[in-house]
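Open the model in your viewer and keep the selection box at hand. We will go stop by stop.

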Amino acid sequence: MSFFGFGQSADIDIVLNDGETRKKAEHRSEDGRKDKYFLFYDGETVSGKVNVTLKYPGKRLEHNGIKIEFIGQIEMYYDRGNHHEFVSLVKDLARPGELTQSQTFDFEFTHVEKPYESYTGQNVKLRYFLRATVGRRLNDISKELDIVVHTLSTYPEMNSSIKMEVGIEDCLHIEFEYNKSKYHLKDVIVGKIYFLLVRIKIKHMEIDIIKRETTGTGPNVYHENDTIAKYEIMDGAPVRGESIPIRLFLAGYELTPTMRDINKKFSVRYYLNLVLIDEEERRYFKQQEITLWRKGDIVRKSMSHQAAIASQRFEGGSNPEKSYSQNTEEDAS
């Protein structure tokens, strides 16, 4: 609306050139609602049209210029109003003047750098969006269009297994082994638990996947832990020498890639947390960080096939398939 509702105004619409064919990805908004947005990757061109439609035909719209911006920004919830922009591109669509009729403007941002993955967390939000603006003397007219960016990685060359021990002197000794330390978001965690010494009565054991979001720096660091998944390993008392296999499918959980020191503003890390509870409700913990990464989906494999490959690698099978997790479109490490 223009000042006091008088004079000319306009509606703005942003349309992507490949909007009918471009894939969409589901992304959680700040209020917890899931919506679908156009999906982009690092280095892809963003192009389209800005439609400026006059509300009152026959009336002129004076403006101070028309532009479109491509913005990548980080917003800390405890510091709202201060947006940290790590990508800021501007295209001028029209010089200052006037519009006498509705008009369409083409734009193109070529091979745009999008270094980080879109993320909405407990205390921070990283978003990418297009913003078209018709400059006015008193009040600008603008429209935003959010997109989602996914960061792809290649398969880690070094991916050693993880071995942990949980022990209470002369009471309990457990060895826990994971098949590897780096997993893609649709992977399978394969593991084993060995009970070497059991002199306390354990009644329950589970693995939790914990997401730890760290925001801020120095004395103003905030840690937010969120339990993403709980996987029951055992319900009942184990005996010495017993071995329990683990197979945990990650595809069913809402996970993001591991993010370390993103633009010196925040980090997102994941941990496997082994929890033991005895009959007196005492809890014992052992935590191990794992790395999560996103791979391209050029070749889709069934989850059972992934599980078979994971088991083969973990159990030392000969010639495990090497190519299935190297099907990535680009290296975003």
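Two strands pair if DSSP finds at least two bridges between them. Strands (E, at least two residues) and helices (H or I, at least four) are DSSP runs, numbered from the N terminus. This is a predicted model, where local features need pLDDT of at least 70 and side-chain atom pairs count only at pLDDT 80 or more, while totals for chains, interfaces and linings use all residues. Residues are numbered from 1 along each chain as its sequence is written, and side-chain values use heavy atoms, with hydrogens and water left out.

**Stop 1: a hairpin.** Select β11, residues 124-134. Add β12, residues 141-149. The two form a hairpin, with six residues between them. They pair in the antiparallel sense over seven bridges. Look across the pair: Arg131 stands opposite Glu144 in β12.

**Stop 2: the other partner of the tour for β12.** Select β3, residues 34-40. β3 runs parallel to β12, and two bridges join them. Find Leu39; the bridge partner of Leu39 in β12 is Val148.

**Stop 3: an enclosed strand.** Go to β6, residues 66-76. Is β6 enclosed or open? Of its 11 residues, 10 are buried, so the rest of the structure largely encloses β6. Buried means under 20% relative accessible area, exposed over 50%, and partly exposed in between (1.4 Å probe, protein chains only).

Now show what pairs with β6. β11 does so in the antiparallel sense, over 11 bridges. Gln73 stands opposite Arg127 in β11. Then add β7, residues 83-94. β7 runs antiparallel to β6, with 10 bridges joining them. Glu75 has His83 in β7 as its bridge partner. β6 and β7 make a hairpin with six residues between the strands, where Gly81 takes a positive phi near 100°.

**Stop 4: a loop residue.** Select Thr256, in the loop between β19 (243-249) and β20 (259-262). Is Thr256 buried or exposed? Thr256 is buried, at a relative accessible area of 16%. Show its contacts (heavy atoms within 4.5 Å). Leaving out residues up to four places away in sequence, Thr256 touches Tyr119, Leu185, Val268, Tyr270 and Leu292.

**Last stop: the whole chain.** Zoom out. The protein chain has one helix and 22 strands. Of its 333 residues, 46% count as buried. Among contacts with a separation of 6 or more, 69% come from residues 24 or more positions apart.
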